[in-house]
Amino acid sequence: MTTTALRVAAPWLALLAAPLSFGIAGLALILPEAAGALNVSVASATVIVVAFGWGVAVGTPLLAGLLSHKGTRFALLGCAALVALGTVLMVTVPVLAVLVVGSALQALGMAGQTVIAMHLAGSPAALGVVTASMASVGAISPLIGSVVADLLFWQAVLALPAISLLAIPAIIGRALPAPPVESRFDATGAILLTTLVTALTVVPHQPLIAATAAAVAAVLVAMHVRRKPDGFLPAILVRTPEFRTAALLGLALAVVNFGILYAAPRMLADRLAWTTGEVGILMVFPYLIGGMASWYLVTAAGTVAARLALGGLATASAVAVVIVVFGLPVPLLIVAMLLASLAASTGQGFLVVRATGALPSQYRATAVGLITLCYLLGAAFGPAIAAAATG
């Protein structure tokens, strides 16, 4: 932790990162409207969201590398430019191909801003504010998107992540950590890791081809790490137990959370015979409570034994899975949503704190980026699993 990082107030960091959730869930309730306006099928319109997911997944390690290589100020300005450019394209050009490109650019920038926000969080409490705000915004994103589309026009929903740009002047003007010593950028490592992440994000949609490509890319990444242990993916990270635990458990918690998020609407609608809007309103409460409560739990988790905290996160997530798999009554399904949200949001913050505390300070930005990447991959796998299970 640096004294300069403490000068950036946690609410500004939350504003920098939380609007990413609008890009993931903002279109959830208005995809049919978007498809109609574009004169394409709903499945085709979903490519806009897929592009955002790809941009976030790929951008997280790439922009974390930029942060480590060029420093905070350069990375922050670069990310803001990507968000602004992507937003302008999506709002002004209602063509599907342009919307896909704009969504990917916006997501790349948002991924970097999220890594920067978590990197600058100078304490578990500040990091808890960031992760809780992301979960809370995610809980209300579908409803906010629907309201914005009704009041303005559907493309305005695509501009919601740009709200994060309001935090740039407040953060860029503070005394931020000095840029690190310049070193040669490991372009090969960046390309290989980007290839691996891209293949992983496609696995739910093209399992055989993408899984094969991911396996080959993983082997190449491992070989490259052996040849260049201080490259884009530092060997010290994969050798550190706390980092491995954070990456794997963070992915598992996110898969459960996003899986239940996409499975719950159909399960609730089938049992309650409610409209989509009514189900959406009901779902706001457990996810909002879970996200807000995680702020306290991220701080509290650091005061108990690591094994106890990790066990609690895994248990809460496992209980949520059991409730959903066995199709228990609606009140318990709401409890499952709360537990999944609470475990994922708390885990994201706690696991980052624990992993970065076990690593030298120069690897903090890279570690934060890769742990966040693993968490966000859950947004790709969870919904696919839910669709297969409930389809």
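Let's start in a loop: Asn39 sits between helix H4 (31–38) and helix H5 (42–45). Keep in mind as we go that this is a predicted model. The backbone at Asn39 deserves a glance, since its phi is near 60°, a positive value in a residue other than glycine. Is Asn39 buried or exposed? With a relative accessible area of 70%, Asn39 is exposed, the cut-off for that label being over 50%.

A second loop residue makes a good companion. Phe326 is found in the loop between helix H16 (306–325) and H17. Phe326 is exposed too, at a relative accessible area of 62%. If you would like a ruler across the model, take the C-alpha atoms of Phe326 and Val50: they are separated by 30 Å, and the two residues are 276 residues apart along the chain.

Now let's turn to the aromatic rings. A pair of aromatic rings is described by the distance of the centres and the angle of the planes. The structure holds one aromatic pair, made by Phe258 and Tyr375. Their ring centres are 6.1 Å apart and their planes meet at 65°, an edge-to-face arrangement. Which helices hold the two partners? Phe258 belongs to helix H14 (residues 241–272) and Tyr375 to helix H18 (residues 364–390), so the pair ties together parts that are 117 residues apart in sequence. In contrast to Asn39, which is exposed, Phe258 and Tyr375 are both buried.

Phe258 also leads us to the empty space inside the model. Rolling a probe the size of a water molecule over the atoms shows where empty space is left. Here the count comes to four cavities of 30 Å³ or more. The largest cavity has a volume of about 260 Å³ and a lining of 18 residues. Phe258 is one of the five lining residues nearest its centre, together with Ser21, Met134, Ala135 and Gly138. Which elements each supply at least two residues of this lining? They are helix H3 (20–25), helix H9 (124–151), H14, helix H17 (330–357) and H18. H9 provides the largest share, with five residues. The lining draws at least three residues from each of domain 1 (7–185) and domain 2 (236–390). By class, eleven of the lining residues are nonpolar and seven are polar, with no charged residues.

What is the volume of the second largest cavity? It comes to about 90 Å³. This cavity is lined by 13 residues, and Phe22, Gly23, Leu27, Phe52 and Leu158 lie nearest its centre. Two or more residues of this lining come from each of H3, helix H6 (47–70) and helix H8 (96–120). H6 gives the most, with three residues. The lining of the second largest cavity has nine nonpolar residues, four polar ones and no charged ones.

Let's finish with the packed nonpolar side chains. The largest nonpolar core has 100 residues. Which of them touch the most other members? They are Leu13, Leu16, Ile116, Trp154 and Ile171. H18 gives the most to this core, with ten residues. Like the lining of the largest cavity, this core draws at least three residues from each of domain 1 (7–185) and domain 2 (236–390). H18 is thus worth a second look on screen: Tyr375 of the aromatic pair lies there, and H18 supplies at least two residues of the lining of the largest cavity.

Notes: Residues are numbered from 1 along each chain as its sequence is written. This is a predicted model: local features need pLDDT of at least 70, side-chain atom pairs count only at pLDDT 80 or more; totals for chains, interfaces and linings use all residues. Side-chain values use heavy atoms; hydrogens and water are left out. Rings of Phe, Tyr and Trp (its six-membered ring) pair if their centres lie within 6.5 Å; planes under 30 degrees apart count as stacked, over 60 as edge-to-face and the rest as tilted. Helices (H or I, at least four residues) and strands (E, at least two) are DSSP runs, numbered from the N terminus. Buried means under 20% relative accessible area, exposed over 50%, partly exposed in between (1.4 Å probe, protein chains only). On a 1 Å grid over the protein atoms alone, a cavity is a set of points where a 1.4 Å probe fits but cannot get out, and a pocket is an open set with protein on both sides within 12 Å along at least five of seven lines; lining residues have an atom within 4 Å of a point. Grid points are joined across faces, edges and corners, and a volume is the space filled by probe spheres set on the points. Ala, Val, Leu, Ile, Met, Phe, Trp, Tyr, Cys and Pro count as nonpolar, Asp, Glu, Lys and Arg as charged, and the others, Gly among them, as polar. Domain bounds come from an automatic or database domain assignment. A nonpolar core is a set of buried Ala, Val, Leu, Ile, Met, Phe, Trp, Tyr and Cys residues joined through side-chain atoms within 4.5 Å.
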